[in-house]
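Q: I've got a structure open and I'd like to learn how to read a few of its features. Can you walk me through them?

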Amino acid sequence: MTQLDDMQYFLANAWWLGLGVAMLLYIILDGADLGAGIFGLVVGDHDERGAIMAAMAGTWDANETWLIVAGGILFGTFPFVYGSAFHYLMVPMAFVLWGVMSRAVAIEFRHLASEKWQRFTDWVFGLSSLTVTFFGGMSVGALLQGFPLVHEEGKLPYYAGGAFDFVSAFSIWTGIAACVAVTLSGVLFVRARFEKTERIRQDAARWTATIFWLAIGSVLITLVWSAAIFDWARSTWFGPHFWLWGIFGLVALWCIEQVRRDTLKDRDLAAILWYNGAVLILGLGMLITLHPWLVPGTWTIREGASPQVSLITFTMTMGGFLPVMVMYNWYQIWVFRARISKLVAYEHH
Amino acid sequence: MQPDPLSILISRIDFGLISSVHILFPPLTIGLAIILFGFELAWFRTNDERWYRLCRFFEKLFIVNFGAGVATGVTMEMAFGILYGPFSQAAGPFFGQVLGYETITAFMYEAGFIGLMIFGWGKISRKMHLFATFNVALSSTLSAMWILVANSWMQTPSGVEFKNGMFQVTNWLQALLNPNVFAAFPHMLLAAVELSLCFVVAVCAWFVFKRREVQLFARPLRYTLVALAAVAAVQIYMGDVLGENVLEHKPAALAAMEGQYDTYDENGNVNNAWNVIGWPNKDNTGLAWSIKIPHALSLIETKTWNGAVEGLNSFPEDERPPVILPFYTFRAMAAIGGAILLVALWGCWLSWRGRMTEGLASANRLFLMACTGMVVLPYIAVIAGWWTREIGRQPWIVYGMMRVEDGMSKLSVGLATFWLIGFAIFETAVVLGTIYFLLKVCRNGPDLTSPVAGDGDEHLGELDLPSSAGHADHPEYIRPV
């Protein structure tokens, strides 16, 4: 559609990688917050639910920022995809959005509310975490299926389908799978964040084993299902380089096995790191499989990229700012690293 | 394919609601962060515990407001893609990229430091904390800068050409430094500071009025009143500068703001009278009635006795913005600007006469009531100003280049209604929740008893350090996250 020169195409690919990394960081970092929120739905003790929110109070905002950054990169570098994909996904995105808003309000206002209202905010926080995860996962599934575009002469291609075209058995499944995977991330987070003597940590530890196997099953079903219905996935995975993908799968499996071993030995931080490793490997594998598509069958990187991407602005934002912020995020996690007990109130934390 | 006019209307009401609610919160975040930095710097330099207590107290109000700002801000970003899909696609190469910079260099920057600022007390050193507060103030200002760059470009698009259905940037510098941004960004930044000063003045005045913690609140009340007087005065000047800019680059918008229909009257003389108030006639070709001041319009807008100001009737009918709203929102904003200055000057005069000391301040009942009641005014002014700006740009989404209906997503009436109702519920809940909790924090008052946060010496909880080698059976924690 637009002609990019070699440098622009290279930059578009670099931004695409940046977009992928931002999405993965969001899934890893805020996934733990979302999962802890979902886990909160089954926690009976009022103070324990409060402690879960307090445990993420110092970092949730920075974690969630990666979603906004991903949105910003998509809007800035791939505006044609942004406009049309949001049009396609307007209904699930509405729910994601309302969920994100409700979570922010629930976590920010909880410590100020009376106990009765705290019960309400807890309920809102858990349900909105579930909403964000389910519809977010559903959106990913819907994007993997692609969406139809209308090309008119002299105009940009736009989405002209219905508002509910995103619903399919596969997208409903990816929504469910996302909830399972994120809940595992959440219980791992709760385990690492609380004193080992706390009952809430022991509850989380008990839940881990079940959710762990559910998550493995979900990932496997998703991969098999993808290979069955998507030509782009099947032809890549079972093509001439199938052994490479085999290695990918084995490394991911090995990471997951480490998660299991570490949780059995109560090495909570190591378990989280291995889990994140598995997410990274699976996520990067999916990104590489998709390349050069941004949305399979609909938008390639070349067609979706803005011709205005320049080396100067790219270097400024990605080379200059992003590394500093990643370091800063790390410092922040470090400052709030300690285990806490449920007695620690929001205010004193 | 043109979307249904009703769905366009509903979507526009929806976006109007989303942006009007969002703009309630960031100005206080920006200005209050700067004020908090001032308070914390005072504590850092003087070790006067009262500054510390004020910091912690106003920070609680800051958090409530910040949460609402984030919630409604995420809405803004996504609403562009959803309600204005074609616009997002077409303007993305410039507009989207600027918003992208905003998320990376400002939003993310701010989110990184805000956790430390709010929860870092006692965990990090005082210097590091001061640094975090400084960065929150700086990053939220940067955020406002990027947003105003993007919005100003929609008002006075430059450095781009519209080709193949999209805006292609021909000159980045021209597009970024478009003619409107130099007047609009300072005007908005000053509005944020002015609103926040009014907010701090109102809170302090309320405590002094109630004779609660007068020792704590009388001093910042005096300081902020002086600052408010200065800022309010500069803001009135800056508003005038922006007005000249609008006259030059968006004459139709200015004509709507002033209710100016005819450039010349029937005798062929320049129509130089300023309409104080008025109402358009049924055909929207003139004012049915008005109260006028001769020569005032020329004086205000062109700074000459008889300068001509182009009237609405000289623009094609389908390129005229609506009149009633910009006309009255503009007047409301200007009147509020003047009122705030008067109250601030009143306070300065009281201070100068020595009547605002800790012992005497509570006696100025009427003044303190005025200060507290005034807090709603800057909020009304900010919304009124934004409406003047955005409605004045109609019917264009990008002035002179792209019409609003061409930038809208093709929503069905049902879907548009679903969105509007959903947003209305959530946004109302956010606004009501914010007001309720702001009031609650004020009612509870500052915490004067808990120990002052030390220099990064707070107990962090038990850390499980890696056990020495050879104890493989012992559970091992590197550093709990």
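Q: What volume does the second largest pocket have?
A: Keep in mind that this is a predicted model, so every value here is computed from it. For the second largest pocket, the space comes to about 1,300 Å³.

Q: Which residues lie nearest the centre of that pocket?
A: Start from the lining, then look inward. Here 48 residues line the second largest pocket, and B:F15, B:S19, B:H22, B:M76 and B:W386 are the ones nearest its centre.

Q: Which helices of chain B each supply at least two residues of that lining?
A: Those would be α1 (5–22), α2 (26–46), α3 (49–83), α4 (85–119), α5 (126–155) and α13 (376–392). Sorted by class, the lining of the second largest pocket splits into 30 nonpolar, 12 polar and six charged residues.

Q: Over to chain A: at what angle do helix α7 and helix α8 pack?
A: For a helix pair, look at the angle and the spacing of the axes. Helix α7 (residues 169–193) and helix α8 (residues 199–229) of chain A pack at about 150 degrees, and their axes are 8 Å apart. Since angles over 145 degrees count as roughly antiparallel, that makes α7(A) roughly antiparallel to α8(A). The crossing of α7(A) past α8(A) is left-handed, and the contact residues of the pair are 20 nonpolar, six polar and two charged.

Q: Last one: where is B:I421?
A: Place the residue in its helix, then check its exposure and its distances. B:I421 sits in helix α15 (residues 413–444) of chain B. With a relative accessible area of 48%, B:I421 is partly exposed. In sequence B:I421 and B:D14 are 407 residues apart, yet their C-alpha atoms are 8.6 Å apart in space.

Note on methods: Residues numbered from 1 in each chain as written. Chains lettered and ligands numbered in written order. Predicted model: local features only at pLDDT ≥ 70, side-chain atom pairs only at ≥ 80, totals over all residues. Heavy atoms only, no water. Helix = DSSP H or I, 4+ residues; strand = E, 2+ residues; numbered from the N terminus. Buried < 20%, exposed > 50% of the residue type's maximum accessible area, 1.4 Å probe, protein only. Axes fitted to C-alpha atoms, helices over the stretch in contact; angles between N-to-C directions. Parallel < 35°, antiparallel > 145°, perpendicular 65-115°, else oblique. Left-handed = near helix turned anticlockwise from the far one by under 90°. Nonpolar A, V, L, I, M, F, W, Y, C, P; charged D, E, K, R; others polar. 1 Å grid on protein atoms, 1.4 Å probe; cavity = no way out; pocket = protein on both sides within 12 Å on 5 of 7 lines; lining within 4 Å. Points joined across faces, edges and corners; volume = space filled by probe spheres on them.
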